[in-house]
Amino acid sequence: MERLSLPLTTDRLRLRTYQESDAQAHLPILSREDVSQFLLEDPWTAEVARTEIAKRIPRTGLETESRALALVIETADGLDSIAGSRVLGDIALWFDGDNDSKAEIGWILDPAASGHGFATEAAIAVLNVAFDHYGLHRVFAQMDARNTASAKMAVRLGMRQEAHLRQDWWSKNEWTDTLIFGMLRSDRQPT
């Protein structure tokens, strides 16, 4: 498999690999209760941010030993009201176990940047890489059923809701429901 050329760019975004300084950039986003409420982790502390970012740094492509691609979503230089770029969140793609034909996608966006289509734009870029570069057959997303914003985004992306698993995950001292959305290569709209 050919190595993926990074960063990925869209009209408004740059999707790049992680670096150590991203711990500081992501802490204000992932330390928020309203962001972490639907994630498996509790709100981040500075120490957790450093540890978690260190785990993401080697995730530079499905063809690497990590078998994962973790990218920072940032505004492209000059497009933000603040001079230069700004970190908006992250997006990741990782193989589902040992199967090289399907992968899971996940995203996290700063609530201050929501409503502008940034997460959708980033996810379309990563789905294009999943199907066009990696030749995957299937990409799926799993989320807490209460995360209606992510569910709506999955639908906007053209993913189909395949399951609503009732109280299947014990998270933060309660049973939670999981939604599963999927997209096959053949589901994609022609570009």
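1. Tryptophan 170 is partly exposed, with a relative accessible area of 48%. Tryptophan 175 is partly exposed too, at 47%. Buried means under 20% relative accessible area, exposed over 50%, and partly exposed in between (1.4 Å probe, protein chains only).

2. This is a predicted model: local features need pLDDT of at least 70, side-chain atom pairs count only at pLDDT 80 or more, and totals for chains, interfaces and linings use all residues. Residues are numbered from 1 along each chain as its sequence is written, and side-chain values use heavy atoms, with hydrogens and water left out.

3. A search of the whole structure finds 1 aromatic pair (ring centres of Phe, Tyr or the six-membered ring of Trp within 6.5 Å; planes under 30 degrees apart are stacked, over 60 edge-to-face, the rest tilted). The ring centres of tryptophan 170 and tryptophan 175 lie 5.4 Å apart with planes at 65°, so the pair is edge-to-face.

4. Helix α1 spans residues 22-30 (a DSSP run of H or I, at least four residues; strands are E, at least two; both numbered from the N terminus). Its buried residues are Asp22, Ala23, His26, Ile29 and Leu30. They cover an arc of only 120° around the axis, taken from the directions to the C-beta atoms, which puts them on the same side of α1. The face turned away from that side carries exposed Gln24 and Pro28.

5. The cover over the buried residues of α1 includes β2 (13-16), α3 (46-56) and β5 (87-96).

6. Mean pLDDT (the predictor's confidence in each residue, from 0 to 100) is 93 for the protein chain. Residues 78-83 stay under 50, with 5 contacts (heavy atoms within 4.5 Å) beyond four places in sequence. Where pLDDT is low, the predicted coordinates should not be read in detail.
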